[in-house]
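Hi,

Here is the structure I said I would pass on. Have a look at it first, and then read my notes below.

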Amino acid sequence: MSLVAKLFVFFSGLVFSFIVLNLLLKRKINERNSIVWFFGAGSILLVSANPGWLDWVALRVGIQYPPSLLFLFSNLILLLLVLHQSTQISALNEKVKQLAQHISISEQAREKEEE
């Protein structure tokens, strides 16, 4: 990896870390999700500092083109994040449905008492 590419990946990791930290401070992302994103930023910084690790792992796994391993890992991580977000959205939808039903029952009970 050339020096320019290393610096580009390193600064990309720093910018990504800063964005996640900024979102965390503005409370636009919760602490649980920020840990996953900080892990991603740390991975970017590790790969930029040690590009030989990617070659070594690719060789051990049997992948001849090391950047393919990087794309494979990033796609798997993104799929896991989407799955995690989907489970959170499903849980929140269920809570909203239960809350709406509770409010509806409470309003009907109040209307019967007023009659």
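The lining of the largest pocket takes at least three residues from domain 1 (1-49) and at least three from domain 2 (65-114). Before going further, please keep in mind that this is a predicted model.

Staying with that pocket: its space comes to about 870 Å³. Counting the residues around the largest pocket gives 26, and nearest its centre you will find Ser 43, Ile 44, Val 47, Leu 70 and Ser 74. Four helices each put at least two residues into the lining, namely H1 (3-25), H2 (31-49), H3 (51-61) and H4 (66-114). Which helix gives the most to the lining? That is H4, with 10 residues. As for chemistry, 21 of the lining residues are nonpolar, 4 are polar and 1 is charged.

Now the domains themselves. The domain assignment splits the protein chain into domain 1 (1-49) and domain 2 (65-114). Between the C-alpha centres of domain 1 and domain 2 there are 26 Å. How many residues of each domain are in contact with the other? On the domain 1 side there are 4, and they meet 4 residues of domain 2.

On the annotation side, the unreviewed UniProt entry marks residues 6-25, 34-53 and 65-83 as "transmembrane region". I looked at two of these spans in the model. Residues 34-53 are 95% helix and 0% strand, with 25 Å between the end C-alpha atoms. For residues 65-83 the model also has 95% helix and 0% strand, and here the end C-alpha atoms lie 28 Å apart.

A few single residues are worth a click too.

Ser 17 sits in helix H1. Is Ser 17 buried or exposed? Its relative accessible area is 18%, so Ser 17 counts as buried, the cut-off being under 20%. Leaving out residues up to four places away in sequence, Ser 17 touches Phe 38, Ala 41 and Leu 45.

Gln 88 belongs to helix H4. With a relative accessibility of 18%, Gln 88 is buried as well. Once neighbours within four places in sequence are set aside, the contacts of Gln 88 are with Arg 32 and Asn 33.

Arg 27 is in the loop between H1 and H2. What stands out there is the backbone: Arg 27 is not a glycine, yet its phi is positive, at about 60°. For context, most residues other than glycine have a negative phi. Arg 27 is also exposed, with 69% relative accessibility.

Finally, Ser 2 lies in the segment before H1. Its relative accessibility is 43%, so Ser 2 falls between the cut-offs of 20% and 50% and counts as partly exposed. If you want a long-range distance to check in your viewer, take Ser 2 and Gly 62: they are 60 residues apart along the chain, and their C-alpha atoms are separated by 24 Å.

If you only have a minute, start with the largest pocket and the five residues I named around its centre, Ser 43, Ile 44, Val 47, Leu 70 and Ser 74. After that, go to the loop between H1 and H2 and look at Arg 27.

Cheers

Note on methods. Residues numbered from 1 in each chain as written. Predicted model: local features only at pLDDT ≥ 70, side-chain atom pairs only at ≥ 80, totals over all residues. Heavy atoms only, no water. UniProt positions renumbered as here; feature names shortened; annotations may be inferred. 1 Å grid on protein atoms, 1.4 Å probe; cavity = no way out; pocket = protein on both sides within 12 Å on 5 of 7 lines; lining within 4 Å. Points joined across faces, edges and corners; volume = space filled by probe spheres on them. Nonpolar A, V, L, I, M, F, W, Y, C, P; charged D, E, K, R; others polar. Domains from an automatic or database assignment. Buried < 20%, exposed > 50% of the residue type's maximum accessible area, 1.4 Å probe, protein only. Contact = heavy atoms within 4.5 Å.
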